Amino acid sequence: MPYTTTRDGVQLYVKKWGIGRPVILIHGWPLSADSWDDVALPLANAGYQTIAYDRRGFGRSDQPWEGYDYDSLADDLADVIKHHAVADVSLVGFSMGGGEVARYMSRYSDKLVRSVALVSSIVPYMLKTNDNPHGVAQDTFDTMAKGMKADRAAFFGSFFNDFYGVGMLSGSVSTELLQWTRSVAMQASLKSTLACAESFATTDFRPDLTSINVPTLIIHGTSDKTVPIDATGRPAAKGISNATLLEYEGAPHGLFATHRERLVNDLLAFLAR
């Protein structure tokens with residue numbers, strides 16, 4: 001069965017492709033493991049075992065009432081690693097998924113992880129504060145929550161335009177991909193969608209950075225309006241030892257679609273080191 005049961009009884013849907021050294025792909029908000037397909041396939045074809053799972057509350061996984069804080073989400077990642085008995089694993093977190101990676105490394109700090117990649121990641125801190133002036137203002141997140149509570153489908157109708165840089169990049173993604181992305185987002189429960197938005201908006205991962213002591217690749221678009229690079233990618237690169245930052249000039253948030261070939265090539269080069 002393509003499911004992993006977590007320590008608190010939640011069923012997580014897992015996709016496992018290929019044979020070889022394992023790479024776990026952790027999706028962003030508010031998507032599912034399917035958002036990684038166009039990256040997972042060439043990685044599997046290149047000789048890696050790719051494991052991607054739907055975060056609790058999203059996709060085909062269970063939709064519990066609780067467990068959307070990052071300690072719980074990192075425990076879910078640990079349970080996936082344990083269930084599939086993987087070692088020498090590379091963890092790749094996109095957007096919100098970068099938080100699971102950072103918190104897992106600080107919470108477990110074991111010898112199973114070979115390397116880490118953070119793609120358009122929310123690490124280390126999204127919220128604008130006095131000591132994080134490049135972050136996103138709280139009222140922006142409040143407006144997002146209000147919009148989702150009023151009409152979640154309509155909210156996603158505009159959210160994903162910025163996500164993929166529609167209008168910023170000519171022909172960045174197809175209308176069909178936008179429609180599909182919105183349908184995936186609507187698979188998640190409203191509870192998990194709101195709770196995870198609060199978690200990635202307010203969790204401070206700066207204390208977790210010193211626990212990431214393996215080779216780390218950070219990839220971020222310079223025109224990311226969803227997760228600004230000055231609050232995330234650039235300070236993450238400064239705070240993580242042995243980190244390499246690749247800035248995609250003019251790129252938006254959804255790099256797995258807008259810059260797929262470049263992203264795959266950069267990940268393959270990193271994984272082969």
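**View 1. Contacts that reach across the sequence.** In this predicted model, take the contacts between residues at least 6 apart in sequence: 77% of them join residues at least 24 apart. The fold that these contacts hold together comes to nine helices and eight strands. Its C-alpha atoms fill a box of roughly 45 × 40 × 40 Å along the principal axes. A compact globule with 273 residues would have a radius of gyration near 19 Å, and the 17 Å found here agrees with that. Of the 273 residues, 56% count as buried.

**View 2. An open sheet of eight strands.** Follow the strands across the sheet and you will meet them in the order 1-2-4-3-5-6-7-8, with mixed pairing. Strand 1 (3-5) and strand 8 (243-248) stand at the edges; each has a single partner strand, so one side of each is left without a neighbour in the sheet. From one strand to the next, the twist averages 20 degrees. As a reminder, strands of a sheet pair through backbone hydrogen bonds, either parallel or antiparallel.

**View 3. Strands 3 and 5, with a helix lying across them.** Which way do strand 3 (residues 21-26) and strand 5 (residues 89-94) run, parallel or antiparallel? They run parallel, and four bridges join them. Look for I26, which stands opposite G93 in strand 5. Helix 3 (residues 97-107) lies across strand 3, strand 5 and strand 6 (113-119), and runs at about 140 degrees to strand 5.

**View 4. The largest nonpolar core.** In soluble globular proteins, nonpolar side chains tend to be buried together. Here the largest nonpolar core has 88 residues, and the members that touch the most others are I24, W29, L91, Y104, F160 and F200. Helix 4 gives the most to this core, with nine residues. Now zoom in on I24. Leaving aside neighbours within four places in sequence, I24 is in contact with I51, Y53, L77, I81, V86, V89, S90, L91 and V92.

**View 5. Helix 6 and its packing partners.** Helix 6 (residues 190-202) has 13 residues and reaches 18 Å from its first C-alpha to its last, close to the 18 Å expected at 1.5 Å a residue. Which residues of helix 6 are buried? They are S192, T193, L194, A195, C196, A197, S199, F200 and A201. The buried residues of helix 6 pack against helix 2 (70-83) and helix 4 (138-164). You have met F200 already, as one of the residues that touch the most other members of the largest nonpolar core.

Note on methods:
Residues numbered from 1 in each chain as written. Predicted model: local features only at pLDDT ≥ 70, side-chain atom pairs only at ≥ 80, totals over all residues. Heavy atoms only, no water. Helix = DSSP H or I, 4+ residues; strand = E, 2+ residues; numbered from the N terminus. Expected span 1.5 Å × (residues − 1). Buried < 20%, exposed > 50% of the residue type's maximum accessible area, 1.4 Å probe, protein only. Contact = heavy atoms within 4.5 Å. Core = buried A, V, L, I, M, F, W, Y, C linked by side-chain atoms within 4.5 Å. Pairing = 2+ DSSP bridges. Axes fitted to C-alpha atoms, helices over the stretch in contact; angles between N-to-C directions. Rg over C-alpha atoms; globule rule 2.2 N^0.38 Å.
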